[in-house]
Amino acid sequence: MKIYDAIVIGSGQAGTPLAKKLAKAGKKTALIEKRFVGGTCVNDGCTPTKTLVASARAAFMAKRKDLGIDVSAYKVDFPAIMQRKNDIVEKSRDGGQKGLEETENLDLVFGDASFTGKKTLTVKLNAGGEEEFSAELIFIDTGAKTSIPKIEGLETVSYLTSTTILDLKEVPESMIIIGGNYIGLEFGQMFSRFGSKITILEKGKTIMSREDADVSEAVTQFLTEEGINIICGAETTKAEKTADGKITLTIKKEDNQQQITASHLLIAAGRSPQTEALNLEQTGVEVDEKGYIKVNDKLETTAAGIYALGDVKPGPAFTHIAYNDHLIVLKNLLENADLSIKGRPVPYCMFTDPQLGRIGLSENEVRKQGLDIKVAKLQMQHVARANEINEKKGFMKAVVDAKTDQILGATVLGYEGGEVMAVLQMAMQGKITAHQLRENIFAHPTLSESINNLFMSIEEA
Ligand SMILES: Cc1cc2nc3c(=O)[nH]c(=O)nc-3n(C[C@H](O)[C@H](O)[C@H](O)COP(=O)(O)OP(=O)(O)OC[C@H]3O[C@@H](n4cnc5c(N)ncnc54)[C@H](O)[C@@H]3O)c2cc1C
Ligand SMILES: NC(=O)c1ccc[n+]([C@@H]2O[C@H](COP(=O)([O-])OP(=O)(O)OC[C@H]3O[C@@H](n4cnc5c(N)ncnc54)[C@H](O)[C@@H]3O)[C@@H](O)[C@H]2O)c1
């Protein structure tokens with residue numbers, strides 16, 4: 001039995017920095033990872049997808065003629081695109097691994113961990129054999145994996161997930177995507193721009209059903225204009241392989257039934273926590289009905305000394321949230337801080353083109369709460385910078401408390417929407433009022449400059 005002060009399971013966006021900092025603080029630490037250093041974000045999530053989104057935008061720009069440049073011929077060199085993606089992923093993964101290996105007091109162990117007792121684990125080593133580990137402090141950062149919906153015949157067709165799609169060798173001729181949210185929409189637009197004929201099937205009434213209706217309407221419009229077929233309110237009842245190796249789905253929409261065939265199928269219908277293999281029954285760590293580890297506001301599980309961070313716990317599943325989780329746990333443990341996840345800002349950005357940057361409450365959420373609010377809204381076509389670069393799709397919107405003039409939430413659906421959203425996030429955190437922003441000096445002509453005009457729209461309303 002190898003005895004440590006701390007064991008971190010999973011080298012994700014919380015586990016990697018946590019293990020490193022615990023070791024640097026003098027705690028003898030083991031970081032156990034079954035696959036690759038960096039977890040989902042580096043290997044199968046943010047890094048590869050945003051690298052590919054950039055290539056897809058380059059293809060889209062080559063096709064556009066509106067800026068007066070006519071690229072008479074262009075080719076999507078898919079192997080080169082994938083090689084660029086692989087190079088960036090490997091550089092990040094290798095850098096992360098080297099950093100861990102060079103950290104004193106830290107052992108990086110490649111293997112699959114599961115509990116054998118309250119504070120003991122067995123690790124099936126990737127190199128072969130098994131080893132027992134024990135520590136008083138254990139941190140679970142095992143992330144999530146693709147959820148596979150129950151569809152008759154799905155097991156008979158070879159479908160892709162957000163992980164396996166990253167190994168494609170050729171651009172699919174056509175692809176059906178089940179799920180119309182982050183993963184489905186980012187991959188859908190990307191592969192459409194690479195040349196695939198894309199159909200997105202969403203079971204909800206709209207795509208991006210957690211967002212305001214004006215957001216999902218605008219995104220539907222720009223994706224449809226690019227040639228993507230979006231079918232909402234669609235239940236997939238059956239999957240079959242055709243004689244020529246394609247995939248046919250039977251879908252039911254209201255009382256109508258229809259069949260759609262494509263060369264490829266991507267499942268993007270959500271993710272579920274990786275807790276099954278952990279054998280949590282051996283500890284006092286409880287999970288909810290979906291398998292997420294139950295935690296309190298300080299990320300402590302129901303077992304003393306065991307913490308859960310990142311996507312394996314309920315709540316928003318983003319890299320920056322997993323990273324923030326590690327800061328909360330670390331500072332509470334090592335610096336006697338009293339940090340919690342309660343009330344922390346949860347910004348996010350969906351990397352369609354244009355992007356959707358979001359922070360705080362949506363208009364819908366605020367109205368449901370019955371708060372007295374004012375809404376500021378500005379179409380991107382009225383933004384000077386957007387006109388100059390001809391990126392006029394989308395809008396900016398902010399919800400403002402009528403009494404305090406504080407911003408409660410913001411939506412920036414537009415070119416580099418995530419960056420403009422971050423400016424509004426800082427204003428919210430710094431408690432800068434809508435009135436102050438209306439008159440603030442921003443450099444001209446930037447996209448952020450239009451924050452003046454956004455808040456002027458309240459006065460004009
Ligand atoms: C396609 C895609 C695109 C995304 N894009 C974005 C984006 O643009 N922005 C954003 O903020 N977020 C994005 N995300 C979400 C983001 O990747 C996750 O929120 C983030 O990686 C969560 O980090 P984590 O620390 O919880 O776990 P993960 O990064 O998932 O790491 C968990 C690690 O634990 C390991 N592990 C699991 N079980 C065991 C075990 N029993 N023993 C040992 N090791 C184990 C896994 O191998 C994995 O390496 C994306 C996700 C996907 C799938
Ligand atoms: N840019 C980003 O920040 C980013 C990008 C990608 C992924 N992510 C993270 O990854 C997670 C997973 O993303 P996701 O898009 O797979 O999941 P999601 O849970 O956000 O969305 C899944 C969508 O699939 C639909 N759906 C579920 N079952 C279906 C079925 N049988 N048929 C048709 N539609 C169905 C749901 O209604 C929903 O709209 C997200 O929580 C997100 O945090 C983030």
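**Group meeting: a helix, two cores and a ligand**

Okay, let's start with α5, which is mostly covered: 13 of its 13 residues are buried, and buried means 20 or more other C-beta atoms within 10 Å of the residue's own, with exposed at 12 or fewer, partly exposed in between, and C-beta atoms placed from the backbone. Helices here are DSSP runs of H or I with at least four residues, strands are E runs of at least two, and both are numbered from the N terminus.

Quick housekeeping. This is a predicted model, where local features need pLDDT of at least 70, side-chain atom pairs count only at pLDDT 80 or more, and totals for chains, interfaces and linings use all residues. Residues are numbered from 1 along each chain as its sequence is written, while chains are lettered from A and ligands numbered from 1 in the order in which they are written.

Back to the helix. At 1.5 Å a residue, the 13 residues of α5 should span 18 Å, and the end C-alpha atoms are 18 Å apart, so that agrees; the expected span is 1.5 Å times one less than the number of residues. Right after α5 comes Gly195, with a positive phi near 125 degrees.

Now, which residues touch the most other members of the largest nonpolar core? They are Ile177, Leu266 and Leu424, in a core of 71 residues. Helix α5 (residues 182-194) gives the most to this core, seven residues. A separate core has 46 residues, among them Ile32 and Phe115. By core I mean buried Ala, Val, Leu, Ile, Met, Phe, Trp, Tyr and Cys residues joined through C-beta atoms within 7 Å.

On to ligand 1. It has 38 residues around it, and the closest are Gly10, Gly12, Gly39, Gly143 and Gly310; a residue counts as near if its C-beta atom, placed from the backbone, lies within 6 Å. Elements giving two or more residues to that shell include β2 (29-33), α3 (46-63) and α7 (319-334).

Last bit: UniProt, in an unreviewed entry, marks Lys50 and Asp311 as "binding site", and such annotations may be inferred rather than shown by experiment. Are they buried or exposed? Lys50, in helix α3, is partly exposed because it has 15 other C-beta atoms within 10 Å. Asp311 is buried, with 32, and it sits in the loop between β15 (306-308) and α7. Among its contacts (C-beta atoms within 7 Å, placed from the backbone) are Gly143 and Pro273, not counting residues up to four places away in sequence.

Definitions and conventions:
Two residues are in contact if their C-beta atoms, placed from the backbone, lie within 7 Å.
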